[in-house]
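Some labels attached to a structure rest on a cut-off, and it is fair to ask how each one was reached. The questions below take such labels in turn and trace each back to its value.

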Amino acid sequence: YMRPKDRMIIAPFSKRIDSITGPTNDVGTINEAVRNVRPLGGTAILDALLQTARALQDAEGRRAIVLVT
């Protein structure tokens, strides 16, 4: 459930962060971005978390990072 001021960033990663979607509250954009995530092998979890946290630091509303591995 997203509140009106909430925004989401989809940031797929493997050895690097792929193209980032967001911050957005458009459900269609979010769903499409999640559907297009493909496993590529290798992980740069720390880099992904740091880059995503930086992208969220100025966002209004609630902030959370959900890591799916």
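Q: What makes A11, P12, D47, A48, Q51 and T52 count as residues that I17 touches?
A: In this predicted model, contact is a matter of heavy atoms within 4.5 Å, and I17 meets that criterion with A11, P12, D47, A48, Q51 and T52, once residues up to four places away in sequence are set aside.

Q: Which residues join I17 in the largest nonpolar core, and what makes such a set a core?
A: The set has six residues, I17 together with I9, A11, A48, L56 and A59. The term asks for buried nonpolar residues joined through side-chain atoms within 4.5 Å, so membership implies that each of the six has a relative accessible area under 20%. In soluble globular proteins, nonpolar side chains tend to be buried together.

Q: Why is I9 called buried?
A: The relative accessibility of I9 is 14%, and the limit for buried is under 20%, so I9 falls on the buried side. I9 is placed in strand β1 and, apart from residues up to four places away in sequence, touches I20, T21, G22, P23, A55 and L56. Between the C-alpha atoms of I9 and A33, which are 24 residues apart in sequence, the separation is 9.4 Å.

Q: How do you know whether T24 is buried or exposed?
A: T24 has a relative accessible area of 15%, and because buried means under 20%, T24 is classed as buried. This residue lies in strand β2, which covers residues 21-24, and its contacts, leaving out residues up to four places away in sequence, are M2, R7, M8, T29 and I30.

Q: What makes the approach of the T24 side chain to the backbone nitrogen of D26 a polar contact?
A: The separation is 3.0 Å, whereas the cut-off for a pair of N or O atoms is 3.5 Å, so the pair lies within the limit.

Q: Why does D6 count as buried?
A: At 5% relative accessibility, D6 is under the 20% limit, and therefore it is assigned to the buried class. D6 is found in the segment before β1, where a polar atom of its side chain lies 2.8 Å from the backbone nitrogen of R3. Beyond its neighbours within four places in sequence, D6 is in contact with N25, G61 and R62.

Q: Why is M2 described as partly exposed?
A: The value for M2 is 30%, and since partly exposed covers what lies between the 20% and 50% limits, M2 belongs to that middle class. M2 also sits in the segment before β1, and touches R7, M8, T24, N25, I30 and R62 when residues up to four places away in sequence are not counted.

Q: How do you know which classes L49 and L46 belong to?
A: L49, with 31% relative accessibility, counts as partly exposed, whereas L46, at 58%, counts as exposed because exposed means over 50%. Helix α2, residues 45-56, holds L49, and L46 is placed in helix α2 as well.

Q: What makes L49 eligible for a nonpolar patch on the surface?
A: Patch residues need over 30% relative accessible area, and L49 has 31%, so L49 passes that step. The patch is formed by I45, L49, I65 and L67, with about 280 Å² of accessible area together.

Key:
Residues are numbered from 1 along each chain as its sequence is written. This is a predicted model: local features need pLDDT of at least 70, side-chain atom pairs count only at pLDDT 80 or more; totals for chains, interfaces and linings use all residues. Side-chain values use heavy atoms; hydrogens and water are left out. Helices (H or I, at least four residues) and strands (E, at least two) are DSSP runs, numbered from the N terminus. Buried means under 20% relative accessible area, exposed over 50%, partly exposed in between (1.4 Å probe, protein chains only). A polar contact is a pair of N or O atoms within 3.5 Å; within protein, one must be able to donate a hydrogen and the other to accept it, and residues adjacent in sequence count only if both atoms are side-chain atoms. Patches are made of residues with over 30% relative accessible area and no salt bridge: like charges are joined within 9 Å, nonpolar side chains (Val, Leu, Ile, Met, Phe, Trp, Tyr) within 5 Å. Accessible areas come from the Shrake-Rupley method with a 1.4 Å probe; for residues, only the protein chains shown count as cover. A salt bridge is a side-chain nitrogen of Lys or Arg within 4 Å of a carboxyl oxygen of Asp or Glu.
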